[in-house]
Amino acid sequence: MNNLISLELVRMLKKARKITVLTGAGTSAESGVPTFRDAQEGIWAHYDPQELATTQAFRRNPRLVWEWYEWRRNRIRAATPNPGHYALAQMASLVKNLTLITQNVDGLHQLAGSRDVIELHGNILRNKCFKEKNIVDTWTENGSVPPRCPECGDFLRPDVVWFGETLPGEALKLALQASASCDVFLSAGTSTIVEPAASLPFLALRSGACVVEINPVPTPLTMSATYVLSGYSGEIIPHLINHVWGETIRYQ
Ligand code: BV8
C-alpha cells in the first residue's frame with residue numbers, strides 16, 4: 001500500500017486548507033451494501049436499477065418499486081459502517097476544513113460519525129408523499145403497498161432522487177461550491193457516471209485542486225486525476241489517516 005501514496009501526496013494532504021470528498025456506492029460495498037451497478041440478487045437480478053429508480057417505474061408499478069426499496073432498506077439496516085466510513089469521519093477532525101458529499105442514500109457516513117453530510121441523492125431510510133413531497137415519518141399500516149400518505153391518501157415513496165429528477169437545490173449548490181474551492185478533492189467509490197455528481201471532480205480539477213481517485217477499477221476520471229489509488233476505500237482511507245496524519249482509526 002505504501003507505494004500507492006507518494007511523498008508528494010502526503011505533503012498535499014497535510015498542507016491542504018480545504019479537502020472535499022465525494023463518495024459513491026463503492027464506499028459502502030465493504031459494509032455489504034450492493035453497489036448500484038453490481039448485479040442485483042434473487043428476484044431483483046432481472047431488473048436494472050436505473051429502470052426501477054424512476055418516477056415512471058413507480059407510476060407503472062408502485063408495489064414493485066416499493067418492494068425493491070424495502071429489500072434494499074433491509075440490506076442497509078443490517079449493514080454497519082466500514083473502516084473507510086470511520087476514517088472519513090476521523091479525517092474531519094484532522095483537516096482544517098473538510099466537506100463530505102455523498103451520492104449514497106444509506107446514511108452510513110452519519111452512522112460512522114460524519115456530520116453535515118451533503119446527501120446529493122437523498123436518503124433511502126426516509127419516506128415522503130408521492131404527490132406533496134413532504135416527509136412522512138409515521139402512517140397507518142392498512143395493507144396498502146406502498147403505504148398511503150396520512151394527509152392526502154396518495155402513495156408514499158422513498159426520499160431519494162430518481163433518474164430524471166433534479167437534485168435537492170441546496171445540496172447541489174453546497175457541493176458545487178465545495179468542489180470549486182478545495183485544495184484536494186478525494187473521489188472514492190464512484191463509477192463517475194451519474195450526473196451531475198460525476199462532474200464535481202472535473203470542476204475541482206478546473207479550479208486547480210489536486211484530485212485523488214480511490215477505486216479498484218478505472219473510471220472516466222482516472223485519466224484526468226492527479227493521483228489514482230487503486231484499491232478498496234475501506235483499506236486505503238484508513239491507511240491515509242495513518243500514513244499522512246499518524247493516527248489509527250477510532251471506531252465509535
Ligand atoms: C438530474 C438514488 C436534471 C436512487 C441515484 C447530464 C447532466 C444532468 C443529468 C444527466 C446528464 N446526463 C444524463 C443525465 C441523466 C441522469 C444520469 O446521470 N444518467 C446516467 C446514467 C448517464 N441523471 C439524473 O437523472 C439526475 N438528475 O440531473 O436532473 C436532468 C434530468 C434529466 C436529464 C438532464 C438533466 C439524478 C441522478 C440521481 C439518480 N439517483 N440514487 C436510488 O438509490 O435508488 S444515483 C445512483 O447512482 C446511486 O445514488 C449511486 O450512488 C449513484 C452513482 O453510482 P455510484 O455511486 O458511482 O455507484 P456505482 O455502482 O455506479 O459504482 C460503484 C463504484 O465503486 C465502481 O466504480 C466500483 O469499481 C467501485 N467500488 C466497488 N467496491 C469498492 C469500490 N471503490 C472503492 N472501494 C470499494 N470497496
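1. A helix or strand here is a DSSP run, numbered from the N terminus, with at least four residues for a helix and at least two for a strand. Keep that in mind as you look at α5, which gives the most to the lining of the largest pocket, with six residues. Please remember throughout that this is a predicted model.

2. Let's stay with that largest pocket, which holds about 960 Å³ of space. Its lining is made up of 49 residues, and those closest to the centre are G24, A25, T35, F36 and R37. Two elements, α2 (26-29) and α5 (62-77), give two or more residues each to this lining. By type, the lining of the largest pocket has 23 nonpolar, 18 polar and eight charged residues.

3. Now find the second largest pocket, with about 360 Å³ of space. It is lined by 16 residues, and A89, A92, G113, S114 and R115 are the closest to its centre. Both α6 (83-94) and β2 (98-102) supply at least two residues of this lining, and α6 gives the most, with six. The lining of the second largest pocket divides into seven nonpolar, six polar and three charged residues.

4. Next, have a look at strand β6 (residues 184-188), where five of the five residues are buried. In a regular strand the side chains alternate between the two faces of the sheet. You can follow this along β6: V184, L186 and A188 point one way, F185 and S187 point the other way, and all are buried.

5. Which strands does β6 pair with? Strand β1 (residues 19-23) runs parallel to β6 and is joined to it by five bridges; within this pairing, L22 has S187 of β6 as its bridge partner. Five bridges also join β6 to strand β7 (residues 210-214), again running parallel, and here V184 is partnered with C210 of β7. To get from β6 to β7, the chain passes through helix α9 (residues 200-206), and this β-α-β crossover is right-handed.

6. Helix α10 (residues 233-245) lets you try a quick check. At 1.5 Å a residue, its 13 residues should span 18 Å, and the end C-alpha atoms are 17 Å apart, so the two values agree. The helix is mostly covered, with ten of its 13 residues buried; among them are I236, I237, L240, I241 and W245. Just after α10 comes G246, whose phi is positive, near 65°.

Definitions and conventions. Residues are numbered from 1 along each chain as its sequence is written. This is a predicted model: local features need pLDDT of at least 70, side-chain atom pairs count only at pLDDT 80 or more; totals for chains, interfaces and linings use all residues. Side-chain values use heavy atoms; hydrogens and water are left out. On a 1 Å grid over the protein atoms alone, a cavity is a set of points where a 1.4 Å probe fits but cannot get out, and a pocket is an open set with protein on both sides within 12 Å along at least five of seven lines; lining residues have an atom within 4 Å of a point. Grid points are joined across faces, edges and corners, and a volume is the space filled by probe spheres set on the points. Ala, Val, Leu, Ile, Met, Phe, Trp, Tyr, Cys and Pro count as nonpolar, Asp, Glu, Lys and Arg as charged, and the others, Gly among them, as polar. The expected span of a helix is 1.5 Å times one less than its number of residues. Buried means under 20% relative accessible area, exposed over 50%, partly exposed in between (1.4 Å probe, protein chains only). Two strands pair if DSSP finds at least two bridges between them. A crossover is right-handed if, with the strands pointing away from the viewer, the path from the first strand over the helix to the second runs clockwise.
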